[in-house]
Amino acid sequence: MPDLLATPSVDMGRPDERLFELSGSVGVGRTNRRSDVFKLQTLLHREGYLDAAGPEDGWGGDWGNRDDYALRRFQRDNGLVIDGIAEPEGETMSTLRGFHLPPVAAPVATMPVRGSRHAA
């Protein structure tokens, strides 16, 4: 599997979009394909919900209690349904993806120019 954590998109420094693509659901009693679990673990780690221990120290494709706790905390903290499940097109993955979208530029407020019809 390519190192999706270290593969930012070229233009915005965001993670590779493939990191957000699950082929099945992840959580207790779900499909839990290793590649999907690793992606979700990576995203939870990036958001500060899963500690810095990497694949060699406890996460890397196997779903466990620590992962379930991290996912439920993420869901709680973000006002989502707290079910410990991440569906490919569900609200948990949408929320995670939303954290990594490019920032939207705020409209620039302009001051009226002296002498214009809008000047006070």
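Q: Which residues is leucine 44 in contact with, leaving aside its neighbours within four places in sequence?
A: In this predicted model, leucine 44 is in contact with Tyr49, Leu50, Asp67, Ala70, Leu71 and Phe74, once those sequence neighbours within four places are set aside.

Q: And in the largest nonpolar core, which residues touch the most other members?
A: That core has 18 residues, and those touching the most other members are Leu40, Leu44 and Met93.

Q: Which helices each supply at least two residues of this core?
A: Helix H1 (34-46), helix H2 (65-77) and helix H3 (91-98) each do so, and the largest share, four residues, comes from H1.

Q: Switching topic, how do H2 and H3 sit relative to each other, roughly parallel or roughly perpendicular?
A: Their axes come within 11 Å and cross at roughly 75°, and because angles of 65 to 115 degrees count as roughly perpendicular, H2 and H3 are described as roughly perpendicular to each other.

Q: Which residues make that contact?
A: On the H2 side they are Leu71, Phe74 and Gln75, while H3 brings Thr92, Thr95 and Leu96; by class, the contact of H2 with H3 has three nonpolar, three polar and no charged residues.

Q: OK, now just H3: which of its residues are buried?
A: The buried residues of H3 are Thr92, Met93 and Leu96, and seen down the axis of H3 they fall within an arc of 95°, so they line one face of the helix.

Q: What covers the buried residues of H3?
A: The cover includes H1, H2 and strand E2 (85-86).

How values were computed. Residues are numbered from 1 along each chain as its sequence is written. This is a predicted model: local features need pLDDT of at least 70, side-chain atom pairs count only at pLDDT 80 or more; totals for chains, interfaces and linings use all residues. Side-chain values use heavy atoms; hydrogens and water are left out. A nonpolar core is a set of buried Ala, Val, Leu, Ile, Met, Phe, Trp, Tyr and Cys residues joined through side-chain atoms within 4.5 Å. Buried means under 20% relative accessible area, exposed over 50%, partly exposed in between (1.4 Å probe, protein chains only). Contact means heavy atoms within 4.5 Å. Axes are lines fitted to C-alpha atoms, for helices over the stretch in contact, and angles run from 0 to 180 degrees between N-to-C directions. Angles under 35 degrees count as roughly parallel, over 145 as roughly antiparallel, 65 to 115 as roughly perpendicular and the rest as oblique. Ala, Val, Leu, Ile, Met, Phe, Trp, Tyr, Cys and Pro count as nonpolar, Asp, Glu, Lys and Arg as charged, and the others, Gly among them, as polar. The arc is that of the directions from the helix axis to the C-beta atoms.
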